[in-house]
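Visitor: I would like to learn how to read a structure like this one, feature by feature. Could you take me through it slowly?

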Amino acid sequence: GACDIQINHMLSTGTSSEVKELAVGELQRRAETFLTGIVVASDQTDAQVGQKLEFEDGPWPFEGPFLISGVIHTYTPGLLTTTLEFFSDGITSL
């Protein structure tokens with residue numbers, strides 16, 4: 001739905017395209033922190049920042065899709081784990 005957003009910028013000094021760019025940037029910044037999480041998985045060596053992440057049969061609101069924002073591979077003798085940080089800029093309906 002509609003949401004009022006305050007942008008700290010002198011609107012009288014900017015063009016309409018500059019104001020639109022500021023608004024879109026602010027909305028994207030807020031969207032990227034809408035839903036975040038961390039998951040630890042085994043042997044996900046192909047995971048990369050920017051890739052799409054989806055969970056099968058995940059509980060709401062963790063169906064996805066998400067974007068991977070951080071990847072840490074950890075090796076201990078006999079076990080390789082991958083910690084994935086992710087975010088979503090939207091939410092699915094119930």
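Guide: What follows goes from the overall fold to the sheet, the core, the aromatic rings and one single residue. Please keep in mind throughout that this is a predicted model.

Visitor: Let us begin with the overall fold, then: how many helices and strands does the protein chain have, and what pattern do they follow along the sequence?

Guide: The protein chain has one helix and four strands, and, read along the sequence, these elements follow the pattern α-β-β-β-β. Of the 94 residues of the protein chain, 21% count as buried, and the accessible surface comes to about 7200 Å², of which 55% belongs to carbon and sulfur atoms. Among contacts with a separation of 6 or more, 51% are accounted for by residues 24 or more positions apart.

Visitor: In what order do the strands lie in the sheet, and is the pairing parallel or antiparallel?

Guide: The general idea is that strands of a sheet pair through backbone hydrogen bonds, either parallel or antiparallel. In this model four strands form an open sheet in the order β1-β4-β3-β2, and the pairing is antiparallel. The edge strands are β1 and β2, each of which pairs on one side only.

Visitor: How many bridges hold each pair of strands, and which residues could I look up as examples?

Guide: Strand β1 (residues 35-42) pairs with β4 over eight bridges; within that pairing, Ile38 has Glu85 as its bridge partner in β4, and Ser42 has Thr81. β3 and β4 pair over nine bridges, with Ile68 standing opposite Phe86 in β4. Strand β2 (residues 52-53) pairs with β3 over two bridges, and the partner of Leu53 in β3 is Phe66. In the hairpin of β3 and β4 there are two residues between the strands, and Gly78 takes a positive phi near 85° there.

Visitor: Which residues make up the largest nonpolar core, and which elements give two or more residues to it?

Guide: In soluble globular proteins, nonpolar side chains tend to be buried together. Here the largest nonpolar core has seven residues in all, namely Leu35, Ala47, Leu53, Phe66, Ile68, Leu84 and Phe86. The elements that give two or more residues to this core are β3 (66-76) and β4 (79-88). β4 is mostly covered, with seven of its 10 residues buried. To see one core member in its surroundings, select Ala47, which, leaving aside residues up to four places away in sequence, touches Ile68, Val71, His73, Thr82 and Leu84.

Visitor: How many aromatic pairs are found in the whole structure, and which residues do ring pairs link into a cluster?

Guide: A search of the whole structure finds three aromatic pairs. One of them, formed by Phe55 and Phe86, is edge-to-face, at 5.5 Å centre to centre with 65° between the planes. Phe55 lies in the loop between β2 and β3 whereas Phe86 lies in strand β4, so the pair ties together parts that are 31 residues apart in sequence. Ring pairs link Phe55, Phe66 and Phe86 into a cluster.

Visitor: Are Phe55 and Phe86 buried or exposed?

Guide: The cut-off to apply is that a residue is buried under 20% relative accessible area and exposed over 50%, with partly exposed in between. Phe86 is buried because its relative accessible area is 5%, while Phe55, at 26%, is partly exposed.

Visitor: And how would I read a single residue, such as Ser69: where is its place, and what does it touch?

Guide: A useful habit is to ask for the element, the exposure and the contacts in turn. The place of Ser69 is in strand β3, and Ser69 counts as partly exposed because its relative accessibility is 38%. Not counting residues up to four places away in sequence, Ser69 touches Val49, Glu85, Phe86 and Phe87. As a check on distance, Ser69 and Gly37 are 32 residues apart in sequence and 9.8 Å apart in space, taken from C-alpha to C-alpha.

Methods:
Residues numbered from 1 in each chain as written. Predicted model: local features only at pLDDT ≥ 70, side-chain atom pairs only at ≥ 80, totals over all residues. Heavy atoms only, no water. Core = buried A, V, L, I, M, F, W, Y, C linked by side-chain atoms within 4.5 Å. Buried < 20%, exposed > 50% of the residue type's maximum accessible area, 1.4 Å probe, protein only. Contact = heavy atoms within 4.5 Å. Pairing = 2+ DSSP bridges. Areas by Shrake-Rupley, 256 points an atom, 1.4 Å probe, with all protein chains shown as cover. Phe/Tyr/Trp six-rings, centres within 6.5 Å; stacked < 30°, edge-to-face > 60°.
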